[in-house]
Amino acid sequence: MKKLLFIVCMAMLSIGTFAQVKGDKAVGAQLSYGTDAEKFAVGVRGMYNVTDPIRIGAEINYWLIDHATCLDFQANANYLFSMSDNLKLYPLAGLGYSYAKPKGGDGNGDIFFNLGGGIQYDFTQKMSIFGELKYQFKEHGQFVIGGGIAFKL
């Protein structure tokens, strides 16, 4: 599983900025840290601009926990505020599902809500980096700090 996720992340990096115009699409890879889990996660995301400033996206994160298999699936919405030609700020809100299965045990899932914000810097017309801080509202809620790279398709 870890090798497959690594291969997917590397493939995403080789493809080719966050969407800015209605209909634009982008893919990216990210690294996150959860304050409750006290662990890192690697993930991939896809984004689509519904309108020029409104973007929706989906992401999958694999949490690097030795004693369990932990994944989360999220759908988030952003409203992009242009601070300059290359710099964007955005609030985010979304819904997610986390799944954890301890080794030798039964798995369980949890639905959560995301609320936070992010910053994006466009290096070129095709490549951006981003950073986010969000809170996952669930039974064992946590802040998630993350960042990554995205490529416009």
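**Exercise 1.** Over the face of which residue does Lys138 lie, and at what distance from the ring centre?

*Solution.* The structure is a predicted model. A charge counts as sitting over a ring if NZ of Lys or CZ of Arg is within 6 Å of the ring centre and within 35 degrees of the ring normal. Lys138 is placed over the face of Phe112, and the distance to the ring centre is 5.3 Å. Arg55 provides another case: the ring beneath it belongs to Tyr90, with a distance of 5.0 Å from the ring centre.

**Exercise 2.** Classify the ring pair formed by Tyr121 and Phe123, and state whether each residue is buried, partly exposed or exposed.

*Solution.* Step 1: ring centres must lie within 6.5 Å for a pair, and planes over 60 degrees apart count as edge-to-face. By this rule there are 5 aromatic pairs. Step 2: the centres of the Tyr121 and Phe123 rings are 5.1 Å apart and the planes stand at 80°, so this pair is edge-to-face. Step 3: partly exposed residues fall between the limits of 20% and 50% relative accessible area. Tyr121, at 35%, is therefore partly exposed, and Phe123, at 46%, is also partly exposed.

**Exercise 3.** Classify the ring pair of Tyr135 and Phe143, then name the cluster to which these residues belong.

*Solution.* Step 1: the two centres are separated by 4.9 Å and the planes by 70°, so Tyr135 and Phe143 form an edge-to-face pair. Step 2: Tyr135 has a relative accessible area of 24% and is partly exposed; Phe143, with 41%, is partly exposed as well. Step 3: the cluster linked by ring pairs consists of Tyr135, Phe137 and Phe143.

**Exercise 4.** Describe the largest pocket by its volume, its lining residues and the strands that contribute to it.

*Solution.* Step 1: the volume of the largest pocket is about 510 Å³. Step 2: its lining comprises 21 residues, and those closest to the centre are Asp36, Cys70, Ser98, Ala100 and Lys138. Lys138 is thus the residue that also lies over the face of Phe112. Step 3: by class, the lining contains 9 nonpolar, 7 polar and 5 charged residues. Step 4: at least two lining residues come from each of β4 (68-79), β6 (87-102) and β7 (108-122).

**Exercise 5.** How many helices and strands does the protein chain have, and what percentage of its residues count as buried?

*Solution.* Step 1: the protein chain has 1 helix and 9 strands, and its elements, from the N terminus on, follow the order α-β-β-β-β-β-β-β-β-β. Step 2: 37% of the 153 residues count as buried. Step 3: the accessible surface of the chain is about 8,300 Å², and carbon and sulfur atoms account for 67% of this surface.

How values were computed:
Residues are numbered from 1 along each chain as its sequence is written. This is a predicted model: local features need pLDDT of at least 70, side-chain atom pairs count only at pLDDT 80 or more; totals for chains, interfaces and linings use all residues. Side-chain values use heavy atoms; hydrogens and water are left out. Rings of Phe, Tyr and Trp (its six-membered ring) pair if their centres lie within 6.5 Å; planes under 30 degrees apart count as stacked, over 60 as edge-to-face and the rest as tilted. Buried means under 20% relative accessible area, exposed over 50%, partly exposed in between (1.4 Å probe, protein chains only). On a 1 Å grid over the protein atoms alone, a cavity is a set of points where a 1.4 Å probe fits but cannot get out, and a pocket is an open set with protein on both sides within 12 Å along at least five of seven lines; lining residues have an atom within 4 Å of a point. Grid points are joined across faces, edges and corners, and a volume is the space filled by probe spheres set on the points. Helices (H or I, at least four residues) and strands (E, at least two) are DSSP runs, numbered from the N terminus. Ala, Val, Leu, Ile, Met, Phe, Trp, Tyr, Cys and Pro count as nonpolar, Asp, Glu, Lys and Arg as charged, and the others, Gly among them, as polar. Accessible areas come from the Shrake-Rupley method with a 1.4 Å probe; for residues, only the protein chains shown count as cover.
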